[in-house]
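Visitor: I would like a close look at a single part of this molecule. Please show it to me first.

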Amino acid sequence: MMKSIFIPILSLLALSLVTTACSEQPDIKNLEGYWEIERADLPEGNTMEYSISTTIDHFTLESDSTGYKTKVMPQLDGSFITSGDSESFSIVEKDGKLKLIFTTPLSSHTETVLQLKEEQLILLNEREMKYTYKRFKKLELE
């Protein structure tokens, strides 16, 4: 009798652990830094590949729930040029997903974090465009 109850309980516990592990939120601290776009997947199925990007997105976290994004242009000497324009964002969890809510004086929009790892960021915007970024690495000239 005990054995027949033990196996279903053990199976339920294992399933619960797997479900919890799969639904863990990404570490938002990985967002901090410079990100270079690799590709954009359009809702109609087309993909735009970016072999070279002249601008990089720089994400700065001010807290666990706020930050801002600035477009910068990398220079050969390792520095960056920026126009100074930036978009503030709030980080919220909604429906089990991380959302970045960007605001400027003229508009606001939301992007869903599909993946956030140390070296890869994937965002989905409200128009169903999916952007895949890689961590920017400075050009090493020798």
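Visitor: Where is the place of Glu128? Please start there, then take me on to the aromatic rings.

Guide: One caution before we begin: this is a predicted model. Now to your residue. Glu128 sits in the loop between strand 8 (120-125) and strand 9 (130-135). Look at its backbone. Glu128 is not a glycine, yet its phi is positive, at about 65°. Asp95 is another residue to look at here. Its phi is near 55°, again a positive value in a residue other than glycine. Asp95 also lies in a loop, the one between strand 5 and strand 6. Its relative accessibility is 71%, so Asp95 counts as exposed.

Next, the rings. A search of the whole structure finds four aromatic pairs. Take Tyr34 and Phe80. Their ring centres are 4.2 Å apart, and their planes meet at 10°. Planes under 30 degrees apart count as stacked, so this pair is stacked. Where do the two partners come from? Tyr34 belongs to strand 1 (residues 33-41), and Phe80 to strand 5 (residues 80-94). The pair therefore ties together parts that are 46 residues apart in sequence. Tyr34 has a relative accessible area of 27%, so it is partly exposed. Phe80, at 23% relative accessibility, also counts as partly exposed. Ring pairs also bring in Phe136: together, Tyr34, Phe80 and Phe136 form a cluster.

Now move along to Phe89 and Phe102. These two make a tilted aromatic pair. Their centres are 5.5 Å apart, with 55° between the planes. Phe89 is in strand 5, while Phe102 is in strand 6 (residues 97-103). This pair links distant parts of the chain, 13 residues apart. Both Phe89 and Phe102 are buried. Phe102 has a charged partner too. The charged end of Lys69 sits over the Phe102 ring, 4.9 Å from its centre.

Finish with Thr70. This residue lies in strand 4 (residues 66-74). Its relative accessible area is 9%; buried means under 20%, so Thr70 is buried. What does Thr70 touch, leaving out residues up to four places away in sequence? The list is Ile56, Asp57, His58, Thr82, Asp85 and Ser86.

How values were computed: Residues are numbered from 1 along each chain as its sequence is written. This is a predicted model: local features need pLDDT of at least 70, side-chain atom pairs count only at pLDDT 80 or more; totals for chains, interfaces and linings use all residues. Side-chain values use heavy atoms; hydrogens and water are left out. Rings of Phe, Tyr and Trp (its six-membered ring) pair if their centres lie within 6.5 Å; planes under 30 degrees apart count as stacked, over 60 as edge-to-face and the rest as tilted. Helices (H or I, at least four residues) and strands (E, at least two) are DSSP runs, numbered from the N terminus. Buried means under 20% relative accessible area, exposed over 50%, partly exposed in between (1.4 Å probe, protein chains only). A charge sits over a ring if NZ of Lys or CZ of Arg is within 6 Å of the ring centre and within 35 degrees of the ring normal. Contact means heavy atoms within 4.5 Å.
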